[in-house]
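Dear colleague,

Please find below the structure for your review. My notes on selected parts of it follow directly after.

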Amino acid sequence: KLHMKYILLFPLLFMAFSCHKGTKIKNYNISTKVDKQLAGEILLSKDDHCYFYDLKITDNFYLFLDQKSDTILRVYKQDNLFTLHNSSCRSSGKDKLWKPLFTKEIQTNSNDKDITFLVDENQYYKDITLNNQNSDIKINTSKLLNLRNVSGRDFNITTKEVYAIPVNRDSKSPFFFFNPDSGFYWVDPSPSVEKVMPKDVLSYINTICLNESQNAVVSACRFTNFVSFYELNGTLKTTVKFGNTPIVPVISPNQIGIDIRNTTKCFTYICGTPQYVYCLYDGSSDFTTPSKIVVFQWNGKHIATWQTDRILQTIAVDKEDKFVLAIASNDNGQDIIKYDLK
């Protein structure tokens, strides 16, 4: 009866229903119509001597990870991007940085406003503490993840488990979570996604973000236009289709696997704040279309779709949802762009 009342109250929002592990999952479509146009301001430009592949926002700083340079980490004060506040050179070692990735879970319990977290070399969980009064930087290794030779990306660390997407895919699982005591749990893909996908497991490439306080993991697909919302235990809650028609990967001419080059790229990146999750959407096969940002609440409710003025590679949003920071390519390197959301 409760479910029938819910349907009557929200007939337009939830359009389809499926059953997964005994739980009613409310699936729906959203239009690709844009609610707002975003115009960005270029804050910083870099030439091709460096290549930023990841970024993070703290209360007072912007942090960037550089793939091309020996300077792996660059830190700027938000109110001064003309001067590099601090940096760290690439170096192997317990409290150094070698091949880091910022973690993507929502941090809500830190008393230090300028601390951020990353996973280095697929195994070391580290924190970076910055000082707004001086240029001190402290890198600390808090624990060894011990992922048993499983390589991951999009790391999300909770109080109990490590969540990530697999780098080398041999199954359809959108992500796994790992506990040293109980081992790995590989999460099932949404039946809505599985229904339209070819057999090639590469078609299930995705990106994830986690909010432990909301009991939510969000998975956005790269090669199809679906976003799925899970509980932390892997139970599927809701799957949302962005548009009326499913986007399906192109099969390569030799019929072996998907043709990645000619397949439409859908959701290419995801990030979150305590309130919302932000999904970066491309919509072209060759990254020639200015990006959209599709915004949801953590329970799966669609909030807005924004059109940006550039092709964006990576985004971050401040914890109060006031602005988006983005990395975009230019003719000579990269631009760092700010989009005000006021």
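A residue is called buried here when its relative accessible area is under 20%. By that criterion, in this predicted model, strand 11 (residues 124–130) is mostly covered, with 5 of its 7 residues buried.

Strand 11 has partners that precede and follow in the chain. With strand 10 (residues 115–120), the pairing is antiparallel and comprises 6 bridges; within it, Val119 has Tyr125 of strand 11 as its bridge partner. The two strands form a hairpin with 3 residues between them, and Glu121 in that turn has a positive phi of about 55°. With strand 12 (residues 137–144), strand 11 again pairs in the antiparallel sense, here over 7 bridges. Thr129 stands opposite Lys138 of strand 12, and the hairpin joining strand 11 to strand 12 runs through 6 residues. As a general point, strands of a sheet pair through backbone hydrogen bonds, either parallel or antiparallel.

A second region to consider is an open sheet of 4 strands, ordered 4-27-26-25 and paired antiparallel. Strand 4 (41–47) and strand 25 (312–317) each have a single partner strand and stand at the edges, so one side of each is left without a neighbour in the sheet. On average, neighbouring strands of this sheet are turned by 20° against each other, direction ignored. Strand 25 is joined to strand 26 (residues 323–329) by 5 bridges, and the two run antiparallel. Ile315 has its bridge partner in strand 26, namely Ala326.

The third item concerns a single residue, Arg169, which is placed in the loop between strand 14 (162–166) and strand 15 (176–179). Which side chain of opposite charge is nearest to Arg169? That side chain is Asp154, at 8.1 Å. A salt bridge requires a side-chain nitrogen of Lys or Arg within 4 Å of a carboxyl oxygen of Asp or Glu; Arg169 has none, although Arg169 is buried.

What does the side chain of Arg169 reach at 3.5 Å? The answer is the backbone oxygen of Tyr204. In addition, the side chains of Arg169 and Asn206 are joined by a polar contact of 2.4 Å. Leaving aside neighbours within four places in sequence, the residues in contact with Arg169 are Pro174, Val201, Tyr204, Ile205 and Asn206. Tyr204 and Asn206 thus appear both in this list and in the polar interactions described above.

Yours sincerely

Note on methods. Residues are numbered from 1 along each chain as its sequence is written. This is a predicted model: local features need pLDDT of at least 70, side-chain atom pairs count only at pLDDT 80 or more; totals for chains, interfaces and linings use all residues. Side-chain values use heavy atoms; hydrogens and water are left out. Buried means under 20% relative accessible area, exposed over 50%, partly exposed in between (1.4 Å probe, protein chains only). Lys and Arg count as positive and Asp and Glu as negative; His and the chain ends are not counted. A polar contact is a pair of N or O atoms within 3.5 Å; within protein, one must be able to donate a hydrogen and the other to accept it, and residues adjacent in sequence count only if both atoms are side-chain atoms. Contact means heavy atoms within 4.5 Å. Two strands pair if DSSP finds at least two bridges between them. Axes are lines fitted to C-alpha atoms, for helices over the stretch in contact, and angles run from 0 to 180 degrees between N-to-C directions.
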